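Reader: I'd like to go through this model with you before I head back to the bench. Can we start with the aromatic residues?

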Amino acid sequence: TFLATDLTIDTGVQELLLKANSEGIETAFDRAKQQEPHCKFGLAGVCCRRCMMGPCRISFGEKGAKRGGCGATADQIVARNLLTLIVDGATPHVEHAREVAHTLLEAAEGIAPYEIKGKDKLWKIALDLGLTLEGKSTNEVAKEVALIALQDFQKQTGVATWLSLHAHAKSVETWEKLNILPRNAHLEIANAINKAAMGCDSDPLNLLLGVMTMALVEGYDGLHLSTDLSDVLFGTPKLVKAQYNMGVIKADYVNIAVHGHIPMVSEKVVEWSRKLNGEAKALGAQGINVIGICCSANELLMRQGVSVATNFASQELAIVTGALEAMVVDAQCIMPGLQKVAECYHTELISTLPNIKIEGSSHVEFSPAKADQMGEEIVRKALARYTERDMVKLQIPKGTVEAYAGFSVEQIVEVLSKINQEDPLQPFIQALTDGDILGVVAIVGCTNPRVKQDWANTELAKELLKHNVLIVATGCSAHSLGKFGLLSPEGIEYCGPKLANVLKTMGEANGLTSLPPAWHMGSCVDNSRIDDLLVALANRVGVGVRDLPVAGSSPEPQSPKALSIGTFFIAQGVDVHIGLNAPISGSPFVENALTGDKGDFAVTTDELFGGKLIYEEDPIKAAHVLLQRIIKKRTALGLQS
Ligand code: SF4
Ligand code: FE2
């Protein structure tokens, strides 16, 4: 009954699933099956555990309870649950941003051992913040910027500074009218939990407005702040070439996987792997090989050209190769199940953040000041494990795929400037206007063992490319595209002829046969880069972001982050597709507000913001819904399709 080909289209993962199965090792794919059928109340969002009068749930049929013990209706319960789900999505990014800001401050003060590599980015942010630069050293400016960033967690009035730095004026106008502008991230997170608490906000509309405030917190003090300050610390990504698939794990090397999201941790692992490479040779290995999983992979791929082993759903399978000496994890998307799998091998699972530990794993603590000690200790732990490797259990699927990454907005502008130096965005806008690029769709988010891994991500991308829609990608979805050649110039075979020509022209101007059909723009927090690109295009054309022929999609969403990021784009007026439903179908009001066109209800995000949520499991059908929405926006701009 076990068919690996039903679970993933990644043949390397299929091979390892069979290995795991024969060794009696359980993975997320098995556990997801064990949970079937999923609780229908949970799927619909109508169960409430918010107090001890409950738990309560609302029945679907004629019979049964229509209200919770307190009188809460399905609309109220679903809206409250959605609000806390969005808080769950946004908060890890807000913490991510705060930790980067804190590290930048200590780096500038000479306490934390990080060199400030992104001076251009630092100057730009400092000028945008209105700081004077004359006579100040890099560290002095960095300290001022870090302090202003940290103040963005304190503001009691006004608007979060990072929103003012990045948002399009027309979007701000809409948000101001609706009174949903966030003051500071911590305050708004507390406010959201307060709204959702027992006996507090029970107005579904007011709760949904709270969702949109939280979406803006996610967008600005989560995504943008994280990306900006990571670029200051580690440099803004540039075009790089690397390899994808389990085959990047090398049998004759000491292999260290970095998994999670926080670049301060993964960058130090790479730095110390390089420093201690000779010690691996002394053990008889060829050296130390760092490989990436999830967004730690994206951060290192974009800035260091580190290769990527796999994405979310198959994180445990990287250990099943029997070739990982260590897996280093920090925050977000780390399956607790990793430890049980690691115990079947010589692999040491190492957690790093003081407040995020894994039961049973080792822990080497990160703090900005002690980052070097952490890096060295982790690499030494991996070296010590190398001699414990069991060669009988070693099996690394063969083959890797070449991929390009590093499409920061700065890099995109540089690439385009080879065609038009004075006005780099002009050739891009010309192609959009002429329909050579019909539109742009961002494919973002996760893989999820409930969906055949990589299948929906790649099918959606190919169908859109065929219709001359350019793809930009982040997160684990970008990894799906990378594994199947869509981040490589060869991938233009999937493009319609018009898009293929544009990509060839842009590529040739930059010494490549073509640009890849999907542009890898980074990690999940780097959805900020996609936002920056949209704002730049809208400003250049003189329209709002909501008017652009663009859309977003998360075909295989797993994390609440996919929903908090998705609602951030909806707030800007961008349509967002999801391939698995959000838990909202139990409330006609909430479902219609997010997914409806107009309907019988008072409000929809489509009317208020200009974008909506589109739920469609079939990626080909989803592509065509997105195409229709793109064409509708083109028509409104007076463009042919
Ligand atoms: Fe039930 Fe209301 Fe308590 Fe929720 S808050 S568990 S609906 S009584
Ligand atoms: Fe991520």
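Author: A definition to begin with: rings of Phe, Tyr and Trp count as a pair if their centres lie within 6.5 Å, and for Trp the six-membered ring is used. Also, this is a predicted model.

Reader: Fine. Which residues form one aromatic cluster?

Author: Trp175, Tyr220, Phe568 and Phe569 form it.

Reader: And how many aromatic pairs are there by this rule?

Author: The count is seven. One example is Tyr114 with Phe234, whose ring centres are 5.9 Å apart. Their planes stand at 80 degrees, and over 60 counts as edge-to-face, so that is what this pair is.

Reader: Where do Tyr114 and Phe234 sit along the chain?

Author: Tyr114 is in the loop between α5 (74–108) and α6 (119–128), while Phe234 belongs to helix α11 (residues 204–234). They are 120 residues apart, so the pair links distant parts of the chain.

Reader: Is Tyr114 buried or exposed? What about Phe234, buried or exposed?

Author: Buried means under 20% relative accessible area. Tyr114 has 9% relative accessibility, so it counts as buried. Phe234 is buried too, with a relative accessible area of 8%.

Reader: Which charged residues lie over rings?

Author: Among them is Lys275, whose charged end sits over the ring of Trp272 at 4.2 Å from its centre. Another is Lys393, which lies over the face of Tyr345, 5.1 Å from the ring centre.

Reader: New topic, the metal. What are the protein donors of the iron ion (ligand 2)?

Author: His261 through NE2, and Cys295 and Cys524 through SG. These donors lie 2.2 to 2.3 Å from the iron ion, and their spacing along the chain is H-x33-C-x228-C.

Reader: Where are the two cysteines?

Author: Cys295 is in helix α14 (residues 294–304), and Cys524 is in the loop between β13 (518–522) and α23 (527–541). That pair links distant parts of the chain, 229 residues apart. Both Cys295 and Cys524 are buried.

Reader: How many cavities of 30 Å³ or more does the structure hold?

Author: Five. The largest has a volume of about 180 Å³.

Reader: What lines the largest cavity?

Author: 19 residues, with Ala442, Val444, Gly552, Ser553 and Phe569 nearest its centre. Phe569 is also one of the aromatic cluster.

Reader: Which element gives the most to that lining?

Author: β14, with five residues. β11 (439–443), α23, β14 (550–554) and α24 (560–571) each supply at least two.

Reader: And how do the lining residues divide into nonpolar, polar and charged?

Author: 14 are nonpolar, five are polar and none is charged.

How values were computed:
Residues numbered from 1 in each chain as written. Chains lettered and ligands numbered in written order. Predicted model: local features only at pLDDT ≥ 70, side-chain atom pairs only at ≥ 80, totals over all residues. Heavy atoms only, no water. Donors = N, O, S within 2.8 Å, 3.2 Å for Na, K, Ca; no water. Helix = DSSP H or I, 4+ residues; strand = E, 2+ residues; numbered from the N terminus. Buried < 20%, exposed > 50% of the residue type's maximum accessible area, 1.4 Å probe, protein only. Phe/Tyr/Trp six-rings, centres within 6.5 Å; stacked < 30°, edge-to-face > 60°. Lys NZ or Arg CZ within 6 Å of the ring centre and 35° of its normal. 1 Å grid on protein atoms, 1.4 Å probe; cavity = no way out; pocket = protein on both sides within 12 Å on 5 of 7 lines; lining within 4 Å. Points joined across faces, edges and corners; volume = space filled by probe spheres on them. Nonpolar A, V, L, I, M, F, W, Y, C, P; charged D, E, K, R; others polar.
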